[in-house]
Amino acid sequence: MLKSFARASLLAAALSLPLSFSAQAEEKTDFKVCWSIYVGWMPWGYLQDSGIMKKWADKYDINVEIVQINDYVESINQYTAGAYDGCSMTNMDALSIPAGGGVDTTALIVGDYSNGNDGIILKDKTGLADIKGQTVNLVELSVSHYLLARALDTVGLSERDLTVVNTSDADMIAAYATPDVTSVVTWNPLLSEIEAQPNATKVFDSSGIPGEIIDVMMVNTETLADNPDFGKALVGAWYELMGIMSTDSDEGIAARTAMAEASGTDLAGYDAQLATTKMFFTPADAVEFTKSAELPSTMKFVAEFLFDKGILGEGAPSPEFVGVAFADGSVYGDQNNVKLRFDPSFMAMAAEGAL
Amino acid sequence: MRIINRRPSRLLTLALGLVPFIATILVYAVASHYRRLENPADKLLPSLDSMGQAFWRMAAVPDRRSGDLLLWVDTFDSLWRLGTGMAVSTLLALILGISIGFIPHIRSALAPYIATFSLIPPITILPILFITFGLGEVSKIALIVIGTAPIMVRSTAQAVLDIPREMIIKAETLGASVWQMVTRLVLPQVLPKLITALRLGLVPAWIFLISAEAIASTTGLGYRIFLVRRYLAMDVILPYVVWITLLAFLLDRLLLLLSRRAFRWNHLGSDAL
């Protein structure tokens, strides 16, 4: 018995070694960031495949590996657990998962915001107010849920007036085809697929709340502070590609075609998705957005939504439990528990051509 | 004495059985401790204490939005789905299994089909299930039935085929009708085997239950796990996993007990696990 106890503790120590190996605060040369399929994040895959990332990493004498993960939530969980130094995610999920989980996270590249990419669809009804009393199929606690809450505000309804059914995004299109599903909230490309059905009407979309669903490359704050070159390489590579893909030159079309194929559509389909996405093609635009006065009020909405749904973590006494720092140094929430930072300084370097 | 002949005492048997469990908890506690040294709010391996609190919150504190005790609502709904699904599967296994095993014409007609059907991974035909049965309870129960019934039918049919031919011939010589043979000879032989099939069927049944609840649902153990996974609330997920394991274990033991009580003669030999 005693022997097995000793053995067990040894085993425990051995097993906990890899588990406690997370993004340590130290200088290093090898970095890994992850991303998942979404219109605004397809450039990450292209950066890796085209060698642009390698070019910039070499410039700063580091290695950066960009890894695609098939499941969005899993990619954030992997980042939060310390397996990656950065990950693409929305402002809302950054606040609830890594920041809520005590991992100090910095918004390095504010890539785009959803400007119609997320929407509410009703079957055989045409007004948002008709949603009252219906069952609504959506991915619960996702940006779809947030969009629904914000949309209901605009017509004086609340979630009590309807029934939310948690439905996997992978099965959303099949779900819509069943007679008992009468309304869904989802994102592109599913949204346009469902909207194309004859009885479907889009009654609200994210262009009604512009700038609130933001897609960001989030990185570990400590890693970034100890290795500014990591931030510079990522930002430099990103905006080089932004410059290319925003044009209709041969190079730009080739890049967008590659991204379209990687996301399972064609160039026209991908361009249609880009049209409902407000991309920040220049670093100056992204910096301006990050410094804007609307961002703190957006994050306040998001924090209140998360708190209301009980996602900010148990023991969170108020929506202000996790602090969010903004470009001008102001903080929303707890000054002593700042875990999410909007820091445009790296994007500003790109804007000034200082990389 | 050779090691194969040395038997542990009752107390030692119990202690030896507990060792792997205690070791697992210990490994977890140490790993969790080291992770929380770095980040006290770590979500991946929460402390045993915070998992206990989360479990208490789910089991005893009414939910802020609905006022329900979430753990019990989830448990009840999941067990209801599992129970209904397995009841249908067991009934199918009994009727089809005996028909296939006992009547050659039915065997020729159905055995190859069911053998083929049982090889379809049920998850892959989910969209068809949704459109046929809707998104409600029926499609979840259907997934469990499709996932478990074919194998249970096959093993029940095999149990009928395994009945010694001599017994059937004897019954025929004594002038038994087909129905009499089914009720007096086949059923008693097959029922304990059916319970074994049910016990083995419960293993995939839990998997299909959790998958079905993950896809479209408003309650259930699988629903809760996949919902809170969105914010990596392992402090809720891990106790739920332990709870599911416990429920599955208890169900299995209860069925074994039932089989021992009802079919004592089937357990005369040494019982395995």
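Chain B of this predicted model splits, by its domain assignment, into domain 1 (3-45) and domain 2 (61-264). Between the C-alpha centres of those two domains there are 32 Å.

Now look at where chain B meets chain A. Chain A puts 42 residues into the contact, and chain B puts in 38. On the chain A side, the elements that give two or more residues are α1 (2-19), α4 (72-81), α5 (91-99), β7 (163-167) and α7 (172-176). Of these, α1(A) supplies the largest share, with nine residues. As for chemistry, the chain A side that touches chain B breaks down into 19 nonpolar, 19 polar and four charged residues.

One of those elements, β7(A), also takes us into a sheet with strands from both chains. Follow the open, mixed sheet across its six strands and you read β9(A)-β5(A)-β8(A)-β6(A)-β7(A)-β1(B). The edges are β9 (200-205) of chain A and β1 (216-217) of chain B; each has a single partner strand, so one side of each is left without a neighbour in the sheet. Strands of a sheet pair through backbone hydrogen bonds, in either a parallel or an antiparallel sense. Where the sheet passes from one chain to the other, β7(A) and β1(B) are antiparallel, paired over two bridges. There you can find A:Asn166 opposite B:Ser217.

Further in, β8(A) is a good strand to pause on, with a partner on either hand in the strand order. With β5 (residues 118-123) of chain A, β8(A) pairs in the antiparallel sense over five bridges. With β6 (residues 135-138) of chain A, β8 (residues 183-187) runs parallel, joined by two bridges. A:Ser183 shows up in both pairings: A:Leu122 is its bridge partner, and A:Val136 stands opposite it too. The next residue along, A:Val184, has A:Asn137 across from it.

How well covered is β8(A)? Five of its five residues are buried. In a regular strand, side chains alternate between the two faces of the sheet. In β8(A), A:Ser183, A:Val185 and A:Trp187 lie on one side, A:Val184 and A:Thr186 lie on the other, and both faces are covered.

Last stop, the largest nonpolar core, which has 165 residues. Which of them touch the most other members? They are A:Leu95, A:Leu108 and A:Leu234. Take A:Leu95 as an example: setting aside neighbours within four places in sequence, its contacts are A:Gly100, A:Val302, A:Ala303, A:Leu306, A:Val322, A:Val324 and A:Leu340.

Note on methods. Residues are numbered from 1 along each chain as its sequence is written. Chains are lettered from A and ligands numbered from 1 in the order in which they are written. This is a predicted model: local features need pLDDT of at least 70, side-chain atom pairs count only at pLDDT 80 or more; totals for chains, interfaces and linings use all residues. A nonpolar core is a set of buried Ala, Val, Leu, Ile, Met, Phe, Trp, Tyr and Cys residues joined through C-beta atoms within 7 Å. A residue is buried if 20 or more other C-beta atoms lie within 10 Å of its own, exposed if 12 or fewer, and partly exposed in between; C-beta atoms are placed from the backbone. Two residues are in contact if their C-beta atoms, placed from the backbone, lie within 7 Å. Domain bounds come from an automatic or database domain assignment. Two strands pair if DSSP finds at least two bridges between them. Helices (H or I, at least four residues) and strands (E, at least two) are DSSP runs, numbered from the N terminus. Ala, Val, Leu, Ile, Met, Phe, Trp, Tyr, Cys and Pro count as nonpolar, Asp, Glu, Lys and Arg as charged, and the others, Gly among them, as polar.
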